[in-house]
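Here is a walk through one protein chain, going from single residues to the whole and back again. Keep the structure in view as you read.

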Amino acid sequence: MSHSFDEISQQLKRRHRKSARLKWASMGALGLAGLFLVLFFADMLSKGLPAFQQAYINTEVRYTEEASRDGRQAFDEDLIPLISRTVVRVIPLQLRNNPEMIGTSEQRWMLATSEVDQYLKGHRNRLSDEEKTEIDERVAAGQVDLRFNKTFFGSGDSKIAENAGILSAVVGTIMTMIVTLLISFPIGVMTAIYLEEFAPDNRFTQIIEININNLAAIPSILFGLLGLAIFINFFGVPRSSPLAGGMTLALMTLPVIIIATRTALRSVPDSIRHAAFGVGCSRWQVVRDHVLPLAMPGIMTGSIIGLAQAMGETAPLIIVGMVAFIPDVGASFTQAATVMPAQIFTWSGEPEQAFVEKTAGGILVLLSVLISLNAFAVVLRKKFERRW
């Protein structure tokens, strides 16, 4: 059946209109996703950046006999409700360790309470009118100021909002990632090498490949249940420790590293293998000396992305107990610890207003680390990637 020129032209126009609608719909979806991403980062920045500043009060500290028994005696009475309890508690201990300081005084910048901090930042607070007036007068006199929050980066968790920091969570995250890397990377790479270069193509290896692909897609909380059942309940690994958390995350990271390594091995042309066989190399020598070095950039990229994904996980670590209150930095892989996602989760449940900005600040720190790791993986791939 023949079609006239006008009918063909109408069909082409309809196709072009459909193609244009699809193009604009796709661009609209991309723009909407970008808008949500911008709004997310803007919200996090507006809430999180204030966490990097903290209110301090410049006042005279009098080291007296009374202050060695009650730290409040070192300050003016009207300042006691405005100065953090952590500062007041430290004064007697400081005088016991340094008795020669008794009878002296000095001018120091002291950590203010979270309520003072929130008032200076224009947030909701519970200060009385008299306390606000006192703060305003001291701000005008240059005795109250917002300074870089060293406590946020230099201390562990605390129930006192102004004294809470992420140091113990950062150290716990590093220790957990070390365990994850030491377990998942060698096992994942060796498994991928065997499946890709040595294993015969039979029913058994096909079942293994299917299960590896399935493991990469299951919810992460199931790995937490597996870690709880095997590592903690069966093998007796200390609960809440970086060792337990790292082993659990290693289970979750293994499929990602195996799949990335197999993809990198497949990207090496067979001509490299044939040339190595042609000069008398054994299969292991071909893999070790020729295939593996050429595939290593892809392997490293996939491994870094897998570790970055594991670093942002919370659900499996909650199951193995890494949401403990950790005020001090852990000294070993078997002591109780927490990680940054779990610390952020804990802060998000606190009722005080000051913990809202600390939650957002922790998210910003975690996002910065994750974006840096992914950027490093991209740079690594671009620098060492070979096109055949």
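Start with Thr-301. In this predicted model, Thr-301 sits in helix H12, which covers residues 283-311. Is Thr-301 buried or exposed? Its relative accessibility is 6%. Buried means under 20%, so Thr-301 counts as buried.

What does the side chain of Thr-301 reach? It comes to 2.9 Å from the backbone oxygen of Pro-297. Thr-301 also has partners farther along the sequence. Leaving out residues up to four places away, Thr-301 touches Ala-377, Leu-380 and Arg-381.

Now step back to the whole chain. It holds 15 helices and three strands. How spread out is it compared with a compact globule? For 388 residues, the globule rule gives 21 Å. The radius of gyration of this chain is 29 Å, well over that value, so the chain is more spread out than a compact globule. The spans of the C-alpha trace add to the picture. Along the principal axes they come to about 100 × 65 × 40 Å.

What share of the chain is buried? Of the 388 residues, 41% count as buried. The accessible surface comes to about 21100 Å². Carbon and sulfur atoms hold 62% of that surface.

Contacts tell another part of the story. Take the contacts with a separation of 6 or more. Residues 24 or more positions apart account for 76% of them. Charges can be placed too. The chain has 36 positive and 35 negative charges. The mean positions of these two sets are 15 Å apart.

Next come three residues in helices, each paired with a residue elsewhere in the sequence. Take Leu-37, in helix H1, residues 5-48. At 47% relative accessibility, Leu-37 counts as partly exposed. Its counterpart here is Val-88, 51 residues apart from Leu-37 along the chain. In space, the C-alpha atoms of Leu-37 and Val-88 are separated by 43 Å.

Go on to Ile-207. This residue lies in helix H8, residues 203-215. Ile-207 has a relative accessible area of 43%, so it is partly exposed. How far is Ile-207 from Asp-70? Along the chain, the two are 137 residues apart. Their C-alpha atoms are separated by 70 Å.

Then look at Ala-315, in helix H13, residues 315-319. Ala-315 is partly exposed, at 26% relative accessibility. Ala-315 and Leu-225 are 90 residues apart along the chain, and their C-alpha atoms are separated by 9.7 Å. Which residues does Ala-315 contact, leaving aside neighbours within four places in sequence? They are Ser-220 and Ile-221.

Finish in a loop. Helix H9 covers 220-234 and helix H10 covers 242-266. Ser-240 has its place in the loop between them. What is unusual about its backbone? Most residues other than glycine have a negative phi. Ser-240 is not glycine, yet its phi is positive, near 70 degrees. Is Ser-240 buried or exposed? With 10% relative accessibility, Ser-240 counts as buried.

Conventions. Residues are numbered from 1 along each chain as its sequence is written. This is a predicted model: local features need pLDDT of at least 70, side-chain atom pairs count only at pLDDT 80 or more; totals for chains, interfaces and linings use all residues. Side-chain values use heavy atoms; hydrogens and water are left out. Helices (H or I, at least four residues) and strands (E, at least two) are DSSP runs, numbered from the N terminus. Buried means under 20% relative accessible area, exposed over 50%, partly exposed in between (1.4 Å probe, protein chains only). A polar contact is a pair of N or O atoms within 3.5 Å; within protein, one must be able to donate a hydrogen and the other to accept it, and residues adjacent in sequence count only if both atoms are side-chain atoms. Contact means heavy atoms within 4.5 Å. The radius of gyration is taken over C-alpha atoms; the globule rule is 2.2 Å times the number of residues to the power 0.38. Accessible areas come from the Shrake-Rupley method with a 1.4 Å probe; for residues, only the protein chains shown count as cover. Lys and Arg count as positive and Asp and Glu as negative; His and the chain ends are not counted. The place of a charge is taken as NZ of Lys, CZ of Arg, CG of Asp or CD of Glu.
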